[in-house]
Amino acid sequence: MAIPTVTLNDGTAFPELGLGTYKLRGEEGIGAIVSAIESGYRLLDSAVNYENEAEVGEAVRRSGLDRDELIVTTKVPGRDHGYDQALASAEASLQRLGLDRIDLYLIHWPNPSIDKYVDTYRAMIELRDRGAVRSVGVSNFTPEMLTRLIDETGVVPAVNQVELHPYFPQTALRAFHRTHGIRTESWSPLARRSELLGEPVIDSLAEKHGVTPTQVVLRWHVQLDSTPIPKSADPERQRENADVFGFALDHSDLGDISVLERGRLWDGDPDTHEEM
Ligand code: NAP
């Protein structure tokens, strides 16, 4: 079954599930990304700091798919914040990807103490206007930061990619996104596997629906209107992860999962955590 899409606030079609690529590197990484594309994945999540843009670009070429069928994401790292720096950073990313367009370009972390995310975003809008970027968005932004970006540039980010899983469902942030037409994207959607997949409530819902615990969690993201980007290097697990569009959790299932809420997995608070 093809992975369904939603429409972003800039009119582009965006898959309801994509592939995380952190740690997918080298020839093995390329093979893993190609196998995901063969299984129907169309959204690929990369970043300068994953040091795998070359692998992602190569997988896009090897897949043999029409370029417009794939959505390649990369991100501006903290050390490249600032207008001119972000323009140069995008140029370097395009070189490494070996592509002439970044489909979704995100600010990786806001790094508020540097206070340059608005200038960075202005450069991304310029890149979008030039055609080097199709959609502009952010990652790890709070409602206050999103409000500032919108107020100062008039451009609502298409996507905010944030930590989101049943332990940390980001209820208030998702409500803010809904109000402003920002698509939520879930990073570490499986909580990096941790103990989440062994939670009794997830297990019993898997049994109830005749699916795997991973599929319960990924279906939960889809029903929250957030695009999960599970990373797997294994073709079979990739297929399992993408196969979540043939069943639905009901209201009481969602209520059962909500008892797992307990907060972030580690100290990734965007107001204080900074990455370069
Ligand atoms: P994740 O997707 O929650 O979990 C990945 C782990 O789960 C891997 O160890 C993977 O192992 C395992 N796994 C995947 N499918 C499975 C299955 N069906 N059954 C059992 N285990 C399974 O964690 P993540 O990689 O941290 O997050 C996903 C993506 O989000 C990243 O790759 C990256 O693209 C993005 N991300 C973004 C940010 C940000 O700041 N914007 C931060 C973190 C992550 P195998 O590979 O062996 O299957």
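**Exercise 1.** In this predicted model, find which elements each supply at least two residues of the lining of the second largest pocket, and which of them gives the most.

*Solution.* Step 1: The elements that each supply at least two lining residues are strand 1 (5–7), helix 6 (171–180) and strand 9 (183–187). Step 2: Helix 6 gives the most, with 3 residues. Step 3: The lining holds 14 residues in total, and Arg178, Ile182, Arg183, Thr184 and Asp225 lie nearest the centre of the pocket. Step 4: By class, these linings residues are 5 nonpolar, 5 polar and 4 charged. Step 5: The volume of this pocket is about 180 Å³.

**Exercise 2.** Describe the largest pocket by its volume, its lining and its occupant.

*Solution.* Step 1: The largest pocket has about 880 Å³ of space. Step 2: It is lined by 33 residues, with Tyr22, Ser188, Pro189, Arg192 and Lys231 closest to its centre. Step 3: The lining divides into 12 nonpolar, 12 polar and 9 charged residues. Step 4: Helix 9 provides the largest share of this lining, 3 residues. Step 5: The ligand takes up the space of this pocket.

**Exercise 3.** Work out which residues surround the ligand and what share of its area the protein buries.

*Solution.* Step 1: There are 27 residues around the ligand, and Asp45, Arg192, Lys231, Ser232 and Arg237 come nearest. Step 2: This shell comprises 10 nonpolar, 10 polar and 7 charged residues. Step 3: A ligand oxygen atom is 3.4 Å from a polar backbone atom of proline 189. Step 4: Taken alone, the ligand exposes 910 Å², and the protein buries 89% of that.

Methods: Residues numbered from 1 in each chain as written. Predicted model: local features only at pLDDT ≥ 70, side-chain atom pairs only at ≥ 80, totals over all residues. Heavy atoms only, no water. Near = heavy atom within 4 Å. Polar contact = N/O pair within 3.5 Å; in protein donor to acceptor, adjacent residues only side chain to side chain. Areas by Shrake-Rupley, 256 points an atom, 1.4 Å probe, with all protein chains shown as cover. 1 Å grid on protein atoms, 1.4 Å probe; cavity = no way out; pocket = protein on both sides within 12 Å on 5 of 7 lines; lining within 4 Å. Sits in = over half its atoms within 2 Å of the grid points. Nonpolar A, V, L, I, M, F, W, Y, C, P; charged D, E, K, R; others polar. Points joined across faces, edges and corners; volume = space filled by probe spheres on them. Helix = DSSP H or I, 4+ residues; strand = E, 2+ residues; numbered from the N terminus.
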